[in-house]
Amino acid sequence: MAEAIALRKVTKRFSGVTILDEVNLDIPAGSVTVILGPSGSGKSTLLRCINHLEKLDGGTIRIGGEIIGYKQKGQALHELSSSEIARQRAQIGMVFQQFNLFPHRTVLQNIVDAMRVKKQNRQQATSKSAVTA
Ligand SMILES: Nc1ncnc2c1ncn2[C@@H]1O[C@H](COP(=O)(O)OP(=O)(O)OP(=O)(O)O)[C@@H](O)[C@H]1O
Ligand SMILES: [Mg+2]
């Protein structure tokens with residue numbers, strides 16, 4: 001199976017405290033992967049890095065071979081423009097833990113609604129979301 005998401009030495013610090021310490025992770029396309037760990041261990045931070053809601057202090061994240069959030073010039077990485085970041089984010093879905101969900105809808109309905117924003121057919125969105133939820 002192709003590697004859809006590839007993290008290499010991903011490092012993230014907040015105020016000098018290292019939250020993600022050179023994380024290497026490969027997630028194959030089509031797989032369902034659970035990130036498990038105690039509260040505060042960095043699960044949400046890892047997900048936020050994957051759609052570049054957080055800047056990295058080190059390492060790279062690739063989706064389908066494309067570096068997320070940065071472009072490479074020689075050895076150096078330069079942050080992408082906001083429109084390029086938005087283009088990448090449009091390919092990455094994320095359901096938040098605490099907010100931005102409709103409380104009267106199920107998890108599945110919330111995901112389907114988000115996918116429908118991109119004009120996906122309800123039936124396709126529901127069958128794809130059923131795997132995610
Ligand atoms: N924007 C921020 N500024 C400073 N510290 C932060 C920030 N975001 C997260 N942290 C800290 O980073 C650490 C990891 O937080 P994170 O939210 O990623 O954990 P988590 O594994 O998702 O926890 P939970 O299971 O409670 O959702 C925590 O110590 C948290 O306080
Ligand atoms: Mg969390």
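**View 1. An oxygen atom of ligand 1 lies 3.3 Å from a polar backbone atom of S41.** This is a predicted model, in which local features need pLDDT of at least 70, side-chain atom pairs count only at pLDDT 80 or more, and totals for chains, interfaces and linings use all residues, while side-chain values use heavy atoms and leave out hydrogens and water. Residues are numbered from 1 along each chain as its sequence is written, with chains lettered from A and ligands numbered from 1 in the order in which they are written. Two further backbone partners are worth finding here: a backbone N or O atom of G40 sits 2.8 Å from an oxygen atom of ligand 1, and a polar backbone atom of S44 is 2.9 Å from an oxygen atom of ligand 1. On its own, ligand 1 would expose 640 Å², and the protein buries 57% of that (Shrake-Rupley accessible areas with a 1.4 Å probe; for residues, only the protein chains shown count as cover). Eleven residues surround the ligand, and S39, G40, K43, S44 and T45 come nearest (a residue is near a molecule or strand if one of its heavy atoms lies within 4 Å of it). Helix α1 gives the largest share of this shell, with three residues.

**View 2. The protein as a whole has four helices and six strands.** Helices (H or I, at least four residues) and strands (E, at least two) are DSSP runs, numbered from the N terminus. Follow the sequence and you will meet the pattern β-β-α-β-β-β-β-α-α-α. Along the principal axes, the C-alpha atoms fill a box of roughly 45 × 35 × 30 Å. The accessible surface comes to about 9,100 Å², with 54% of it belonging to carbon and sulfur atoms. Of the 133 residues, 25% count as buried (buried is under 20% relative accessible area, exposed is over 50% and partly exposed is in between, with a 1.4 Å probe and protein chains only). Contacts (heavy atoms within 4.5 Å) often reach far along the chain: among those between residues at least 6 apart in sequence, 42% join residues at least 24 apart.

**View 3. L7, V10, L56 and I61 touch the most other members of the largest nonpolar core, which has 13 residues.** Such a core is a set of buried Ala, Val, Leu, Ile, Met, Phe, Trp, Tyr and Cys residues joined through side-chain atoms within 4.5 Å. Strands β1 (3-14) and β2 (17-28) and helix α1 (43-50) each supply at least two of its residues. In soluble globular proteins, nonpolar side chains tend to be buried together. For a look at one member, try V10: leaving aside neighbours within four places in sequence, V10 is in contact with L20, D21, E22, V23, L56, G58, G59, T60 and I61.

**View 4. T11 belongs to strand β1 and is buried, at 7% relative accessibility.** A polar atom of the T11 side chain lies 3.2 Å from the backbone nitrogen of E22. That is a polar contact, a pair of N or O atoms within 3.5 Å; within protein, one atom must be able to donate a hydrogen and the other to accept it, and residues adjacent in sequence count only if both atoms are side-chain atoms. Not counting residues up to four places away in sequence, T11 touches L20, D21, E22, L56, D57 and G58.

**View 5. R8 and D26 form a salt bridge, with their closest N and O atoms 2.9 Å apart.** This pair links distant parts of the chain, R8 in strand β1 and D26 in strand β2, 18 residues apart. R8 is partly exposed at 35% relative accessible area, and D26 is partly exposed at 35% as well. A salt bridge is a side-chain nitrogen of Lys or Arg within 4 Å of a carboxyl oxygen of Asp or Glu, and the whole structure holds seven of them.

**View 6. E79 and K55 are joined by a salt bridge, their closest N and O atoms being 3.2 Å apart.** Again the partners come from distant parts of the chain: E79 is in strand β6 (residues 76-79) and K55 in the loop between α1 and β3 (58-63), 24 residues apart. Both ends are partly exposed, E79 at 34% relative accessibility and K55 at 49%. Elsewhere, salt bridges with shared partners join K12, R48 and E54 into one network.

**View 7. E54 and R48 meet through their side chains in a salt bridge of 2.9 Å, N to O.** E54 is buried, at 13% relative accessibility, whereas R48 is partly exposed, at 28%.

**View 8. K9 has a positive phi, near 50°, in a residue other than glycine.** You can find K9 in strand β1. H52, another non-glycine residue with a positive phi, has a value near 60°. H52 is in the loop between α1 and β3 and is buried, with a relative accessible area of 5%.
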